[in-house]
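Hi everyone, thanks for making time this morning. Pull up the picture on your screens and we'll walk through it together.

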Amino acid sequence: MSSAHLLCEVARRAYERGLIAGAEGNLSLRLASDRILCTPSGRCKGRLSPDELCIVALDGRQLEGSSTPSSEIRLHLALYRAADAARHPIVSIVHTHSPFATTLALLGQSVPAGLLPEADVLLGPIPLIPYRTPGTDAVGEAVAPHVARGFTAILANHGAVAWGRDAESALLHAETLESVCRVYCQARALGTPVAIPPDLIPALRDARRRRIAANA
Ligand SMILES: [Zn+2]
């Protein structure tokens, strides 16, 4: 499968799983150090064809494609640059306004560590990033300090972003984040979440360190 077909397939799955709705959301896949394949602006991500994708350089110049790149591509580019600087390269980014992550984003909250093993091990810390204007470099720059510490972030009053070593991994992180946020919201609605016993936290922390070091 070509990179363009792969990104369309991952975008379709994100759409069908309800992580993105309408024309929102955007995805990218790094083809080479200065060539980023990305989804176009204003199209339903569930029905993209490879010829609708664009290729941009790390500085935002459009290199290929007749569509207009997503207005939020600057978030992706700032994150790729930050990952390079941290020597923790990432290959794919999925930005969504998935409902439960965005619910927490509106409340100015994230999911605390120490509640759900899959959150702690698969995702690592889930930072809440202060609001920055969508479409500006400031969004990615605010996420940048967290790029080597985990795989996702919640963007206050906006949505969520996930990244990974390939497109499948970035989608898996976006899906896991939404699932964890949904369970956390439901638990909060019904009662008070109970933390994992403190003496069992180090085992989770070790597993998380191994996973993040492997950039899984
Ligand atoms: Zn957005």
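Let's start with a pair of strands: how many bridges join strand 3 to strand 4, and do they run parallel or antiparallel? There are two bridges between strand 3, residues 54-56, and strand 4, and the two strands run antiparallel. If you want to find one of those on screen, look at Val56, whose bridge partner in strand 4 is Gln62. Before I go on, keep in mind that this is a predicted model.

Okay, zoom out to the sheet. It's an open sheet of eight strands with mixed pairing, and the order is 4-3-2-1-5-8-7-6. Which strands stand at the edges? Those are strand 4, at 62-64, and strand 6, at 128-129. Each has a single partner strand, so one side of each has no neighbour in the sheet.

Two helices are worth pointing out here. Helix 1, residues 3-16, packs on the sheet and touches strand 1 (26-32) and strand 2 (35-38). Its direction makes about 160 degrees with that of strand 1. Helix 6 packs on the sheet too, touching strand 1, strand 5 (92-96), strand 7 (152-155) and strand 8 (159-164). The direction of helix 6 makes about 140 degrees with that of strand 8.

Now strand 1, since both of those helices touch it. On one side, strand 1 pairs with strand 2 in the antiparallel sense over four bridges. In that pairing, Arg30 has Ile36 in strand 2 as its bridge partner. The link between strand 1 and strand 2 is a hairpin, through two residues. Strand 1 is also joined to strand 5 by four bridges, again antiparallel, and there Leu27 is partnered by Val94 in strand 5. So is strand 1 enclosed or open to the outside? It's largely enclosed by the rest of the structure, because five of its seven residues are buried.

Over to strand 6 and strand 7. These two pair in the parallel sense, over two bridges. Leu128 stands opposite Ile154 in strand 7. Here's a bit of textbook background: in a regular strand, side chains alternate between the two faces of the sheet. You can follow that along strand 7, where Thr152 and Ile154 point one way, Ala153 and Leu155 point the other way, and all are buried.

Next, the metal. What coordinates the zinc ion? Glu72 does it through two OE atoms, and His95, His97 and His158 each do it through NE2, at 2.1 to 2.4 Å. Along the chain, the donors follow the spacing E-x22-H-x1-H-x60-H. Take His95 from that group: is it buried or exposed? It counts as buried, because its relative accessibility is 0%, and the cut-off for buried is under 20%.

Right by there is Thr102, in helix 3, residues 99-107. Leaving aside neighbours within four places in sequence, Thr102 is in contact with His97, His158 and Gly159. Two of those names, His97 and His158, you just heard as zinc ligands. Thr102 counts as buried too, at 14% relative accessibility.

Back to helix 6, residues 167-190. It has 24 residues and reaches 35 Å from its first C-alpha to its last, close to the 34 Å expected at 1.5 Å a residue. At its start, a side-chain oxygen of Asp166 comes within 3.3 Å of the backbone nitrogen of Glu168. Further along helix 6 you'll find Cys185, which counts as buried at 16% relative accessibility. What does Cys185 touch, not counting residues up to four places away in sequence? Phe100, Thr103 and Leu104. Asp137, on the other hand, is 48 residues from Cys185 along the chain, and their C-alpha atoms are separated by 30 Å.

Last stop, two backbone angles. Most residues other than glycine have a negative phi. Arg87 has a positive one, near 55 degrees, and this residue lies in the loop between helix 2 (73-85) and strand 5. Asn157 also has a positive phi near 55 degrees, and its place is the loop between strand 7 and strand 8. As for accessibility, Arg87 is exposed, with a relative accessible area of 76%, whereas Asn157 is partly exposed at 48%.

That's my tour, so over to you for questions.

How values were computed: Residues are numbered from 1 along each chain as its sequence is written. This is a predicted model: local features need pLDDT of at least 70, side-chain atom pairs count only at pLDDT 80 or more; totals for chains, interfaces and linings use all residues. Side-chain values use heavy atoms; hydrogens and water are left out. The expected span of a helix is 1.5 Å times one less than its number of residues. A polar contact is a pair of N or O atoms within 3.5 Å; within protein, one must be able to donate a hydrogen and the other to accept it, and residues adjacent in sequence count only if both atoms are side-chain atoms. Two strands pair if DSSP finds at least two bridges between them. Contact means heavy atoms within 4.5 Å. Axes are lines fitted to C-alpha atoms, for helices over the stretch in contact, and angles run from 0 to 180 degrees between N-to-C directions. Donors are N, O and S atoms within 2.8 Å of the metal (3.2 Å for Na, K and Ca); water is not among the atoms, so sites may look incomplete. Buried means under 20% relative accessible area, exposed over 50%, partly exposed in between (1.4 Å probe, protein chains only).
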